[in-house]
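Hi,

Here is the structure I said I would pass on. Have a look first, and my notes follow below.

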Amino acid sequence: MNAQDFRIGVVGAGMMGADHIRRITRSISGANVSAVIEPDTGRAQAALGDAPAAQAFTRVEDALDAGAVDGLLIATPGFLHEPVLLPAIEAGIPTLCEKPLTPDPESSLRVLEAEQAGGRRLIQVGFMRRFDPEYRQLRGLVESGETGELLMLRCAHRNAVVPDSYQQESLITDSVVHEFDIVPWLAGSPIRSVEVKFARRNPLTPERLREPILVLMELENGVLVDLEMNVSVQFGYQVSTEAVFSSGIARIGEPTGLQTWHAGRFSMGEHADFTTRFATAYDAQVQAWVDASRAGTTTGPSAWDGYRVAVACQEGVASLGGGGQRTIDVPPTPAFYA
Ligand code: ISE
């Protein structure tokens with residue numbers, strides 16, 4: 001740690017917040033955790049163990065008033081994002097906000113208005129897949145045209161299990177939310193419509209959930225996307241994509257790492273959850289945010305991307321509730337975000 005470091009206040013010290021605190025302390029250069037903002041004292045104390053230089057606060061306003069931070073990383077549940085984003089914008093503090101930006105389009109619009117009124121972009125949304133090396137390679141392939149035109153994306157998003165807080169709508173707002181960002185980014189085209197279909201129910205899924213689901217997306221450029229969203233697969237965590245081009249196929253998200261041939265069997269490890277599957281992406285995302293913030297710029301997904309995804313989630317939830325195929329209507333990107 002040195003005096004020129006970018007001082008980060010991490011808001012929320014649950015699973016993701018604690019993971020980011022460890023990451024900033026151990027792997028990110030040019031930054032340190034200067035504040036842990038968390039009302040739960042047990043969590044705050046545990047987090048401080050990984051952030052030797054940090055002060056503890058229970059409210060973001062206190063950390064801002066104390067001049068304790070140069071940037072904020074928000075890792076609280078989505079419904080608590082707006083009350084942190086608005087004072088951060090008011091104070092002119094660059095902020096990396098875990099997904100979603102906010103839980104609905106109306107609150108996302110309020111954040112956009114505040115950011116535009118301040119005259120400078122300050123928010124990066126934590127859609128970390130954009131920083132995953134394989135997703136970047138696939139996007140590069142689409143852009144290069146080497147395998148022809150992109151026609152379809154066949155995606156799978158599988159969680160071993162989900163926590164008790166995960167509800168039916170979370171299938172869209174907590175999980176498919178990632179595809180609503182990454183699919184248009186990969187294919188270079190916005191989503192025109194979304195439709196959810198139910199597979200035969202997994203008997204191992206918690207009582208309160210009905211899944212797996214199949215999510216169909218049509219993009220403005222005609223690309224068709226199907227996504228298997230499945231949160232009770234038991235064996236591990238997988239996020240994969242097969243891209244169908246006019247003259248080729250590409251796949252990302254296949255298992256990698258140690259392969260073992262033993263006792264008549266071939267085996268490979270599988271991730272247990274997203275913290276290891278996307279560890280490289282999280283590291284790159286936070287480093288890019290720190291570097292851009294220190295240079296007085298922004299990078300990665302903007303608040304406008306967060307708003308677009310909030311609209312897609314609203315329609316996805318409506319389809320999940322029996323609304324059939326839903327159109328996604330988002331106005332053109334304002335110049336401020338272009
Ligand atoms: C979780 O909240 C995440 O953001 C993960 O990336 C996602 O794969 C998972 O389904 C969500 O529950």
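A quick word on terms before the sheet: two strands count as paired if DSSP finds at least two bridges between them. Helices (H or I, at least four residues) and strands (E, at least two) are DSSP runs, numbered from the N terminus.

Also, this is a predicted model, where local features need pLDDT of at least 70, side-chain atom pairs count only at pLDDT 80 or more, and totals for chains, interfaces and linings use all residues. Residues are numbered from 1 along each chain as its sequence is written, and side-chain values use heavy atoms, with hydrogens and water left out.

Now the sheet. It is open and mixed, with seven strands in the order 12-11-7-10-9-8-15. Strand 12 (248-252) and strand 15 (326-327) sit at the edges with a single partner strand each, so one side of each has no neighbour in the sheet.

Strand 7 is a good place to start. Eight bridges link it antiparallel to strand 11 (residues 238-245), while its pairing with strand 10 is parallel, over seven bridges. Arg158 shows both: it stands opposite Gln238 in strand 11 and opposite Asn230 in strand 10. Next along, strand 9 (residues 213-219) and strand 10 (residues 224-230) run antiparallel, joined by six bridges, and Glu218 stands opposite Leu224 in strand 10.

Two helices pack on this sheet, where contact means heavy atoms within 4.5 Å. Helix 7 (residues 170-187) touches strand 7 (150-158), strand 8 (191-198), strand 9 and strand 10, and its direction makes about 30° with that of strand 9. Helix 10 (residues 303-323) touches strand 8, strand 9 and strand 15, at about 35° to the direction of strand 8. (Axes are lines fitted to C-alpha atoms, for helices over the stretch in contact, and angles run from 0 to 180 degrees between N-to-C directions.)

Helix 7 deserves a closer look. Of its 18 residues, 16 are buried (under 20% relative accessible area, 1.4 Å probe, protein chains only), so helix 7 is largely enclosed by the rest of the structure. A kink of about 55° is centred on Val176, the bend being the angle between axes fitted to the seven residues ending there and the seven starting there. After helix 7 comes Gly188, with a positive phi near 65°.

Finally, there is a hairpin: strand 13 (residues 259-262) and strand 14 (residues 265-268) pair antiparallel over four bridges. Thr260 has Ser267 as its bridge partner, and Ala263 in this hairpin takes a positive phi near 50°.

Cheers

How values were computed
Buried means under 20% relative accessible area, exposed over 50%, partly exposed in between (1.4 Å probe, protein chains only).
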